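User: Please take a close look at the salt bridges in this model, and set them against the fold and the packing around them.

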Amino acid sequence: MEQVAEFYRGNRSEVELTNEERKNIYASLSHYNMVSDADNVKIPVLLLVGKYDGINPPEESVKLHKILPTSTLEIIDGAGHIAYLEKESEVIRLIDSFIS
């Protein structure tokens, strides 16, 4: 967890969020559990996770990747929980690569 805290002390997102926006994002995701539905997934899945995600750590995405046989896992260096804002161009590149 200290590594996550250190990341956030030294890095800024490409997009700045207000505290209220961060609170709303975290609240909306706090009770979501995809693992219970993993057996039903039969299509290719791209799992994107920030290396410094303190809410859904990469280790959890690795576990999900192992139970989703059709998944591709990408751990995004330099990103936390909202990688699509923190490393927008990298996320776009990974999605483009996955769908092409």
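Analyst: In this predicted model, the chain is built from 5 helices and 2 strands, and these follow one another along the sequence in the pattern α-α-β-α-β-α-α. Of the contacts that join residues at least 6 apart in sequence, 70% are between residues at least 24 apart. Of the 100 residues in the chain, 28% count as buried, while the accessible surface amounts to about 7,000 Å², with 53% of that area belonging to carbon and sulfur atoms.

Turning to the charged pairs, the structure holds 3 salt bridges. In general terms, side chains of opposite charge can pair when their charged atoms come close. One of these bridges joins Lys51 and Asp77, whose closest N and O atoms are 3.6 Å apart. Because Lys51 sits in the loop between strand S1 (45–50) and H3, and Asp77 in the loop between S2 and H4, this pair ties together parts that are 26 residues apart in sequence. The two partners fall into separate classes of accessibility, since Lys51, at 40% relative accessibility, counts as partly exposed, whereas Asp77, at 51%, counts as exposed; the cut-off for the exposed class is over 50%.

The surroundings of this bridge can be followed through strand S2, where Ile75 is found. Once its neighbours within four places in sequence are left aside, Ile75 is in contact with Val49, Lys51 and Pro58, so that Lys51, the partner of Asp77 in the salt bridge, is also a contact of Ile75. Ile75 itself counts as partly exposed, with a relative accessibility of 42%. Computed from C-alpha to C-alpha in the model, Ile75 and Pro57 lie 10.0 Å apart in space, with their positions 18 residues apart in sequence.

The loop that follows strand S2 (71–76) and leads to helix H4 (83–86) also holds His81. This residue, His81, is buried, as its relative accessible area is 12%, and the side chain of His81 makes a polar contact of 2.8 Å with the side chain of Asp53. The loop between S2 and H4 therefore carries both Asp77, the acidic partner of Lys51, and the buried His81.

Another salt bridge belongs to helix H3, where the side chains of Lys63 and Glu60 meet at 3.2 Å, N to O. Lys63 and Glu60 are 3 residues apart in helix H3, which means that about one helical turn separates them. Glu60 counts as partly exposed, at 41% relative accessibility. The neighbouring position in sequence, Ser61, also lies in helix H3 (residues 58–67), yet Ser61 is buried, with a relative accessible area of 14%. Beyond its neighbours within four places in sequence, Ser61 is in contact with Leu47, Val49 and Leu73. Val49 thus appears among the contacts of Ser61 and among those of Ile75.

Leu47 links this region to the packing of the interior, for Leu47 is one of the 6 residues of the largest nonpolar core, together with Ala38, Val41, Val45, Leu64 and Leu68. Within that set, Ala38 touches Leu64 and Leu68, and also Ile67, when residues up to four places away in sequence are not counted. Apart from this core lies another, of 5 residues, including Ile76, Ala79, Val91 and Leu94.

The remaining bridge to describe is formed by Glu90 and Arg93, with their closest N and O atoms 2.8 Å apart. As with the pair in helix H3, these partners are 3 residues apart in one helix, here H5, and so are separated by about one helical turn. Both ends count as partly exposed, Glu90 with a relative accessible area of 27% and Arg93 with 44%.

Helix H5 (residues 88–99) also contributes 3 residues to a nonpolar patch, the largest share of that patch. The patch is formed on the surface by Leu48, Ile95, Phe98 and Ile99, which together have about 330 Å² of accessible area. Phe98, which lies in helix H5, counts as partly exposed at 30% relative accessibility.

Taken together, the bridges show two arrangements: Lys51 and Asp77 join two loops, while Lys63 with Glu60 and Glu90 with Arg93 each span about one turn within a helix.

Key:
Residues are numbered from 1 along each chain as its sequence is written. This is a predicted model: local features need pLDDT of at least 70, side-chain atom pairs count only at pLDDT 80 or more; totals for chains, interfaces and linings use all residues. Side-chain values use heavy atoms; hydrogens and water are left out. Helices (H or I, at least four residues) and strands (E, at least two) are DSSP runs, numbered from the N terminus. Buried means under 20% relative accessible area, exposed over 50%, partly exposed in between (1.4 Å probe, protein chains only). A polar contact is a pair of N or O atoms within 3.5 Å; within protein, one must be able to donate a hydrogen and the other to accept it, and residues adjacent in sequence count only if both atoms are side-chain atoms. Patches are made of residues with over 30% relative accessible area and no salt bridge: like charges are joined within 9 Å, nonpolar side chains (Val, Leu, Ile, Met, Phe, Trp, Tyr) within 5 Å. Accessible areas come from the Shrake-Rupley method with a 1.4 Å probe; for residues, only the protein chains shown count as cover. A salt bridge is a side-chain nitrogen of Lys or Arg within 4 Å of a carboxyl oxygen of Asp or Glu. Contact means heavy atoms within 4.5 Å. A nonpolar core is a set of buried Ala, Val, Leu, Ile, Met, Phe, Trp, Tyr and Cys residues joined through side-chain atoms within 4.5 Å.
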